[in-house]
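Biologist: I am new to reading structures, and I would like a close look at one part of this protein. Could you pick a residue in the middle of things, tell me what surrounds it, and then lead me outwards from there?

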Amino acid sequence: MWDYIKLAVLGLTAVLAAIAANYAHDLAYQVNALTAMLAAAIAFWWALRTAGDHRPQPQTEYNDAVVRAGVIATAFWGVIGFLVGVVIALQLAFPALNFEWAEGYLNFGRLRPLHTSAVIFAFGGNALIMSAFYVVQRTTAARLWGGNLGWFVFWGYNLFIVLAATSYVLGGSQGKEYAEPTWHIDLWLTVVWVAFLLAFLGTLWKRKEPHIYVANWFYLSFIITIAMLHVVNNLAVPVSIFGSKSVQLMGGVQDAMTQWWYGHNAVGFFLTAGFLGMMYYFVPKQAERPVYSYKLSIIHFWALIFLYIWAGPHHLHYTALPDWASTLGMVFSVILWMPSWGGMINGLMTLSGAWDKLRTDPIIRMMVVSVGFYGMSTFEGPMMSIKAVNSLSHYTDWTIGHVHSGALGWNGMITFGVLYFLTPRLWGRERLYSLSLVSWHFWLATIGIVLYAASMWVTGIMEGLMWREVDANGFLVNAFADTVSAKFPMYVVRALGGIMFLAGGVIMVYNLWATVAKQPARSALTAAIPAE
């Protein structure tokens, strides 16, 4: 019966998507509809091919197949995101690279949201989903709940990535930072995210271990809060069901406030809470040491989720937002520094008694550097939220340096460490293909991040000072074009840092592939042994 329902839903979806493509009002919507039609048709063919083939799923084994797929997707999208980042960094340094023949498709304005979404949502999102599925099974001694629901989450989420990417390039965007996907893509992501929540909660519900390990607290808070942020920030009425255009329910300063409540908490929960779930599981595992202080991890959790949700208004200093609201955001941002550093100290002190591993284990070195960047970014962020500092830093490249030191240093490096940790275990290999290549990746990535962030700090502060420089009569000394010209050397350094980071990512992909293809296999332990 279930097979017939599934076939009917997929067939109807393919037909409706074809109709939508035929009546589409804009190219981005039409391509999205055709993509959805193709995806539904492929799923229909697969469902038809496997109809009646119901193999019992052994509840004593973990569902690691979907985690393996997530590892591949994370590595793939990471390289794509880094590559697009290098391209747009070069376009900013050398405007001639905005080729006339590619205008309207591959110019900076179209590629910039493609880069941010590829790195944050494709690379980071796949890393979070696959690591959450891995960790929740290991810490509950239970197979992932929902049968093939995990596969629906994986393929549904990656379909969202493809829809968003093609939409950006073809001009489909609602113009909201980190929330550019248009209304129909937002609806699809909502469906996938609810499925993700159900799979995670269902696994926790049927757990065999009474205690819920703290990493799962961070993962669950990330899933629930991102759902709330996504729905509220994207409340809109479509102009037509056959077009990408929509009208936001909120406007003016209310829309700005909602956008940065979303934007900063996307950082706080997607790029911080979720990745802290990774830290609290994978750092102790790689260091072979227990978490330094479990009590501190619980304090870290509750302080973080209570404070972060209030910090968004600091993005709107000196705007039409009421002064009390932006001041509230600033105060909570400054207070946030304390629990953030408590978490950093907890992560670093987990290596107590195992510091010698930093000399011999490049994977733990990556994880430790990532925790260090987490601490640095969570100090710099509160400092930049202070109005006196923000008056210099806002709208400058200093903000870009801050974002990338966190995204590349914290999110990127912890994800690399997790990929190196998981690959030999998931594919049943004795070890990684080459620890030497991991060291090469570590140094290329670290030096690349330092070049990138330092160049943006220098050019950002210079930019802010040039904008506020006045002569004896009170007139501005520098035109905007003067600041652009002065930043050129630092833009070249930024591009060089990005190229080094990309090169490290390519080396990682080769190392992971060679681990699977060239390393001898060992018997993989998939039985749901007592929870770790």
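**Phe222 and its surroundings**

Modeller: Happily! Let us start at Phe222, which touches Leu128, Trp193, Phe196, Phe269, Phe270, Ala273 and Gly274, once residues up to four places away in sequence are set aside. Please keep in mind that this is a predicted model.

Phe222 belongs to the largest nonpolar core, a set of 119 residues. Together with Tyr157, Phe270 and Phe282, Phe222 is among the residues that touch the most other members of that core. Notice that Phe270 appears both in this group and among the contacts of Phe222. Another core lies apart from this one; it has 5 residues, among them Ala20, Ala21, Tyr29 and Trp183.

Now follow one of those contacts, Leu128, into its helix. H4 runs over residues 108–140, 33 residues in total. From its first C-alpha to its last, H4 reaches 46 Å, close to the 48 Å expected at 1.5 Å a residue. Even so, H4 has a kink of about 35°, centred on Ala118. Most of this helix is covered, with 29 of its 33 residues buried. Just after H4 comes Ala141, with a positive phi of about 55°.

A second trail from Phe222 goes through Phe269, Phe270, Ala273 and Gly274. These numbers fall within helix H8, which covers 252–287. Between H8 and helix H9 (294–308) there is a loop, and Glu288 lies in it. Glu288 has a phi near 55°, a positive value in a residue other than glycine. Is Glu288 buried or exposed? Its relative accessibility is 58%, so Glu288 counts as exposed; the cut-off for exposed is over 50%.

Tyr395 makes a good companion example. Its loop joins helix H13 (387–393) and helix H14 (397–426), and its phi is near 70°, again positive in a residue that is not glycine. Tyr395 counts as exposed because its relative accessibility is 60%.

For a contrast, turn to another tyrosine, Tyr374, in helix H12 (residues 362–385). Tyr374 has a relative accessible area of 1%, so it is buried. Leaving out neighbours within four places in sequence, Tyr374 is in contact with Thr272, Leu276, His300, Leu304, Ser340, Gly343, Met344 and Trp410. One of these partners, Ser340, is 34 residues from Tyr374 along the chain, yet their C-alpha atoms are separated by 8.2 Å.

Between those two cases sits Ala18, in helix H1 (residues 2–22). Ala18 has a relative accessible area of 29%, and therefore is partly exposed. Ala18 and Leu163 are 145 residues apart in sequence, with 15 Å between their C-alpha atoms.

Finally, step back to the whole protein chain. There are 17 helices and 2 strands, and 54% of the 532 residues count as buried. Of the contacts with a separation of 6 or more, 83% are between residues 24 or more positions apart. The C-alpha trace spans about 80 × 65 × 45 Å along its principal axes. A compact globule of 532 residues would have a radius of gyration near 24 Å, and the chain has 24 Å, so the two agree. On the outside, the chain exposes about 23100 Å², with carbon and sulfur atoms supplying 73% of that area.

Note on methods
Residues numbered from 1 in each chain as written. Predicted model: local features only at pLDDT ≥ 70, side-chain atom pairs only at ≥ 80, totals over all residues. Heavy atoms only, no water. Helix = DSSP H or I, 4+ residues; strand = E, 2+ residues; numbered from the N terminus. Expected span 1.5 Å × (residues − 1). Bend = angle between axes of the 7 residues up to and from the residue. Buried < 20%, exposed > 50% of the residue type's maximum accessible area, 1.4 Å probe, protein only. Rg over C-alpha atoms; globule rule 2.2 N^0.38 Å. Contact = heavy atoms within 4.5 Å. Areas by Shrake-Rupley, 256 points an atom, 1.4 Å probe, with all protein chains shown as cover. Core = buried A, V, L, I, M, F, W, Y, C linked by side-chain atoms within 4.5 Å.
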